[in-house]
Amino acid sequence: MRPPERDPEYSAQVWLEYADIDLRAGEKLAGDAEVALVVCFHAQQAAEKALKAYLCHIGVAQIPKTHDLE
């Protein structure tokens, strides 16, 4: 997955689209107890990408390349 462009609003929209993909993947798998951890992974990824979208929206110039967002 390539990072969104530098325009903050465009970047926010792209991150939200990525989050939506993770949410839809989790929803499709949600009925299968054998893959519950995968559903949780997609939910976490969606939350992280939505947070990155918010950070872009409020003008945070550099979003850290980490999975540890405080």
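**Figure 1. Three salt bridges turn up in this predicted model.** The count comes to three, and the structure is a predicted one, so to speak a computed picture throughout. The chain they sit in has two helices and zero strands. The next three views take the bridges one at a time.

**Figure 2. Aspartate 20 pairs with arginine 24 inside helix H1.** The closest N and O atoms of this salt bridge are 2.9 Å apart. Both residues belong to H1, four residues apart, which is about one turn of the helix. What about cover? Aspartate 20 has 36% relative accessibility, so it counts as partly exposed. Arginine 24 is partly exposed too, with a relative accessible area of 43%.

**Figure 3. Aspartate 22 reaches lysine 49 in a salt bridge.** Here the closest N and O atoms are 2.5 Å apart. Aspartate 22 is in helix H1 and lysine 49 in helix H2, so this pair ties together parts that are 27 residues apart in sequence. Are the two partners buried or exposed? Aspartate 22 is buried, with a relative accessible area of 8%. Lysine 49 is buried as well, and its relative accessible area is also 8%. Both values fall under the 20% cut-off for buried.

**Figure 4. Glutamate 48 and lysine 52 form a salt bridge within helix H2.** The closest N and O atoms of the pair are 3.7 Å apart, which still counts because the cut-off is 4 Å. The two residues are four apart in H2, and that separates them by about one helical turn. Glutamate 48 is buried, and lysine 52 is buried too.

**Figure 5. Histidine 42 of helix H2 is in contact with Asp22, Ala25, Gly26 and Leu29.** That list leaves aside the neighbours of histidine 42 within four places in sequence. One of these contacts, Asp22, is the aspartate that bridges to lysine 49. Is histidine 42 buried or exposed? Histidine 42 has 17% relative accessibility, so it counts as buried; the cut-off for that is under 20%.

**Figure 6. Alanine 36 sits in helix H2, with glycine 26 for reference.** Helix H2 covers residues 36-57, and alanine 36 belongs to it. How far apart are alanine 36 and glycine 26 in space? The C-alpha to C-alpha distance is 9.0 Å, and the two are 10 residues apart in sequence. Alanine 36 has 40% relative accessibility and counts as partly exposed. Glycine 26 also shows up in the previous view, among the contacts of histidine 42.

**Figure 7. Tryptophan 15 and tyrosine 18 make the one aromatic pair.** The count of aromatic pairs comes to one. Its ring centres are 5.6 Å apart and the planes stand at 80°, so the pair is edge-to-face; the angle cut-off for that label is over 60 degrees. Tryptophan 15 and tyrosine 18 are three residues apart in helix H1, residues 8-29, and so about one helical turn separates them. Both are buried.

**Figure 8. Eight residues make up the largest nonpolar core.** Which residues are they? The members are Ala12, Val14, Trp15, Tyr18, Ala53, Leu55, Cys56 and Ile63. H1 and H2 are the elements that give two or more residues to this core. The largest share, four residues, comes from H1. Trp15 and Tyr18 here are the two rings of the previous view. As a general point, nonpolar side chains in soluble globular proteins tend to be buried together.

**Figure 9. Cysteine 40 and cysteine 56 are shown in a structure with zero disulfides.** How many disulfides does the structure hold? The answer is zero. Cysteine 40 has 49% relative accessibility, so it counts as partly exposed. Cysteine 56 has 6% relative accessibility, so it counts as buried, and this cysteine is one of the residues of the nonpolar core.

**Figure 10. The whole chain, for orientation after the close-ups.** Of the 70 residues of the chain, 29% count as buried. The accessible surface comes to about 5200 Å², and 59% of it belongs to carbon and sulfur atoms. Among contacts in the chain with a separation of 6 or more, 42% come from residues 24 or more positions apart.

Conventions
Residues are numbered from 1 along each chain as its sequence is written. Side-chain values use heavy atoms; hydrogens and water are left out. Rings of Phe, Tyr and Trp (its six-membered ring) pair if their centres lie within 6.5 Å; planes under 30 degrees apart count as stacked, over 60 as edge-to-face and the rest as tilted. Buried means under 20% relative accessible area, exposed over 50%, partly exposed in between (1.4 Å probe, protein chains only). A disulfide is a pair of cysteine sulfur atoms within 2.5 Å. Contact means heavy atoms within 4.5 Å. Accessible areas come from the Shrake-Rupley method with a 1.4 Å probe; for residues, only the protein chains shown count as cover. A nonpolar core is a set of buried Ala, Val, Leu, Ile, Met, Phe, Trp, Tyr and Cys residues joined through side-chain atoms within 4.5 Å. A salt bridge is a side-chain nitrogen of Lys or Arg within 4 Å of a carboxyl oxygen of Asp or Glu.
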